[in-house]
Amino acid sequence: MDLLESIKESIIDMDREKVVELTRKALDEGIKPKKLVDEGLTPGMDVVGQEYEKGIKFIPEMFMSAEALRGAMELLRPILTKSELSRAGKVIMGTVEGDIHDIGLQIVSMMLEGAGFEVYDLGVDVPAEKFVEKAKQEKADIVGMSAFLTTTGLRFSDVIEALQEAGIREKVKVMIGGAAASGKYAETIGADGYGANASAAVRLAKSFISK
Ligand code: B12
């Protein structure tokens with residue numbers, strides 16, 4: 001099996017140590033970081049995402065694969081040039097104010113990163129102003145928000161309003177996800193899209209950029 005294929009398989013096998021070891025080896029052999037992301041890491045995580053969608057894999061497995069991908073990204077991030085990283089687009093991610101769930105958020109952020117997006121993960125309990133401030137500062141293409149509680153789902157609208165007030169709503173696409181979100185809800189509040197899982201989030205983000 002070639003090195004990139006082995007990296008893909010090790011992501012699927014949730015083997016962080018092996019992913020990191022093979023990534024280091026690939027870099028030593030002169031394989032370009034972008035190629036590693038596009039032809040090893042992302043295809044591996046794509047398979048995991050598809051298996052999760054089909055009910056073959058479950059959350060803990062998906063998290064461990066994402067952790068393995070994170071291990072490789074830690075090695076790659078410093079050497080991926082800005083242009084390589086930002087080619088796909090810039091995304092601001094965060095869980096809305098009052099909500100501390102972040103497992104899904106982290107998986108989505110990592111998957112977007114693996115797909116070549118430059119991701120600014122603001123973490124949890126993020127107030128609307130912070131989303132706006134970062135989106136302005138980075139001239140972001142996409143703002144992605146997670147919410148998991150019925151109560152905090154209401155905060156999506158606060159962020160959209162704040163983007164409007166700051167005059168940048170037309171400049172960014174807004175996507176939402178998490179247990180408090182749905183496609184119908186996205187429509188109701190005027191978000192541009194909803195993703196049920198990390199693979200869907202990546203597809204959505206890519207569709208925004210290609211428009
Ligand atoms: C783990 C968990 C916790 C952990 C969180 C740990 C952490 N670091 O995240 C802890 C124990 C801390 C916790 C706390 C609480 N929780 Co909780 N929690 C969960 C649980 C079981 C799983 C969530 C999770 O991580 N899933 C795994 C990830 C991989 O899946 P995911 O989150 O759905 O993310 C995927 C997609 O949604 C999507 N996605 C996510 N974000 C985004 C963003 C974008 C832009 C896109 C496109 C896609 C996308 O992609 C992700 C990857 O595939 C859910 C149940 C559930 N079914 O969601 C309850 C749940 C969300 N929690 C719930 C509750 C009530 C609470 C508490 C209030 C409990 C309490 N009484 O203290 C507190 C809230 C604290 C707070 N202020 O936020 C309720 C919410 C009910 C409601 N309708 O409001 C739920 C639904 C459980 C239930 N059925 O009652 N919780």
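Met14 sits in the loop that links helix H1 (3–12) to helix H2 (16–28). Helices here are DSSP runs of H or I with at least four residues, strands are runs of E with at least two, and both are numbered from the N terminus. The phi angle of Met14 is near 65 degrees, a positive value in a residue other than glycine.

Before going on, a word about the model. The structure is predicted, so local features need pLDDT of at least 70 and side-chain atom pairs count only at pLDDT 80 or more, while totals for chains, interfaces and linings use all residues. Residues are numbered from 1 along each chain as its sequence is written, and side-chain values use heavy atoms, with hydrogens and water left out.

**Four residues and their cover**

How open to the surroundings is a residue? Buried means under 20% relative accessible area, exposed means over 50%, and partly exposed lies in between (1.4 Å probe, protein chains only). Here are four residues to find in the structure:

| Residue | Relative accessibility | Class |
|---|---|---|
| Thr95 | 0% | buried |
| Pro43 | 22% | partly exposed |
| Met14 | 25% | partly exposed |
| Lys139 | 69% | exposed |

Pro43 belongs to helix H3 (residues 33–53). Leaving out residues up to four places away in sequence, Pro43 touches Lys8, Val37 and Asp38; a contact means heavy atoms within 4.5 Å. Pro43 and Glu5 are 38 residues apart in sequence, and their C-alpha atoms are 9.1 Å apart in space.

**Around helix H7**

Which residues of helix H7 (residues 128–138) are buried? They are Ala128, Phe131, Val132, Lys134, Ala135 and Glu138. These buried residues pack against strand E1 (90–95), strand E2 (118–121), strand E3 (142–146) and helix H9 (155–165). Just after H7 comes Lys139, in the loop between H7 and E3. Like Met14, Lys139 is not a glycine and has a positive phi, near 50 degrees in its case.

**Thr95 and the cobalt site**

Thr95 is found in strand E1. Not counting neighbours within four places in sequence, Thr95 is in contact with ten residues you can look up: His101, Asp102, Leu105, Gly123, Val124, Asp125, Val126, Phe131, Ser146 and Phe148. Phe131 also appears among the buried residues of H7.

Which protein residue is a donor to the cobalt atom of the ligand? The only one is His101, through NE2 at 2.2 Å. Donors are N, O and S atoms within 2.8 Å of the metal (3.2 Å for Na, K and Ca), and water is not among the atoms, so sites may look incomplete. His101 lies in the loop between E1 and helix H6 (103–114).

**The whole protein**

Now step back to the full picture. The protein has 11 helices and five strands. Its radius of gyration is 17 Å, close to the 17 Å that the globule rule gives for 211 residues, so the protein is as compact as a globular protein of that length. That radius is taken over C-alpha atoms, and the rule is 2.2 Å times the number of residues to the power 0.38. Along its principal axes, the C-alpha trace spans about 50 × 35 × 30 Å.

Of the 211 residues, 51% count as buried. Among contacts between residues at least 6 apart in sequence, 72% join residues at least 24 apart.
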